[in-house]
Amino acid sequence: MNTHLHITAWALGFILFAIAYVMYKKGNTKAGKIIHMILRLDYLLILYSGGELITPYFNGGDLLPEAIVKGVAGIWMIVIMEMLLVRLPKQKPLKALWIQFIIAVILLLVLGFVRLPMGV
Ligand code: HEM
């Protein structure tokens, strides 16, 4: 298993998230909803590719705790993006979510690229 599918999935996810966010922000709800739905399909790809990458860690080695934190942070990231996109059109406060967004991104990049062995 290589990491290309995973990188493609999460990079596409951030791009779709950014587009949907800007659309909702501009009040273009219809376009926002379409991109948002595509993003939801991409969540499945992120989860599938992440699940495939995490499987070997359960078969031995001492990096299992880090891999589990990585996986949980990945799911957390998806929840944060989803909540931001649901709350934005409702004009609810987003600051706490953006703080979590930044923490989750840093955690994911550090664990994904630095701590865990497989890179690009
Ligand atoms: C938006 C969500 C996510 C982001 C931004 C993200 C980010 C990353 C990054 C930057 C890497 C290292 C390079 C790469 O292989 O792509 C990585 C690897 C990995 N991710 Fe994710 N990820 C996310 C979701 C998930 C989920 C949901 C899981 C588990 C269910 C997961 C499990 C893993 C595992 C096991 C690796 C391999 C680490 C290694 O063996 O080196 N990720 N991820």
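**Around the ligand**

Mentor: In this predicted model, a backbone N or O atom of P117 lies 3.4 Å from an oxygen atom of the ligand.

Trainee: Why is that P117 pair called a polar contact?

Mentor: The cut-off is 3.5 Å between N or O atoms, and P117 sits at 3.4 Å from a ligand oxygen, so the pair counts.

Trainee: Which elements give two or more residues to the shell around the ligand?

Mentor: They are α1 (4-25), α2 (29-54), α3 (64-87) and α4 (95-115). The biggest share comes from α2, with six residues.

Trainee: What makes the approach of K70 to the ligand a polar contact?

Mentor: Here a polar side-chain atom of K70 is 2.7 Å from a nitrogen atom of the ligand. That is within 3.5 Å, so it qualifies. W10 passes too, because a polar side-chain atom of W10 lies 2.9 Å from a ligand oxygen.

Trainee: Which residues come nearest to the ligand?

Mentor: Out of 25 residues around the ligand, those are H6, I7, Y57, K70 and M118. The shell splits into 16 nonpolar, eight polar and one charged. Lys counts as charged, so K70 belongs in that last group.

Trainee: And what kind of space does the ligand take?

Mentor: The ligand's space is the largest pocket.

Trainee: How do you know that residues 6-24 are helix?

Mentor: That span is 100% helix and 0% strand, with its end C-alpha atoms 27 Å apart. UniProt, in an unreviewed entry, lists 6-24 as a "transmembrane region", along with 36-55, 67-85 and 97-116. For residues 97-116, the values are 95% helix and 26 Å between the end C-alpha atoms.

Terms used: Residues numbered from 1 in each chain as written. Predicted model: local features only at pLDDT ≥ 70, side-chain atom pairs only at ≥ 80, totals over all residues. Heavy atoms only, no water. UniProt positions renumbered as here; feature names shortened; annotations may be inferred. Helix = DSSP H or I, 4+ residues; strand = E, 2+ residues; numbered from the N terminus. Near = heavy atom within 4 Å. Polar contact = N/O pair within 3.5 Å; in protein donor to acceptor, adjacent residues only side chain to side chain. 1 Å grid on protein atoms, 1.4 Å probe; cavity = no way out; pocket = protein on both sides within 12 Å on 5 of 7 lines; lining within 4 Å. Sits in = over half its atoms within 2 Å of the grid points.
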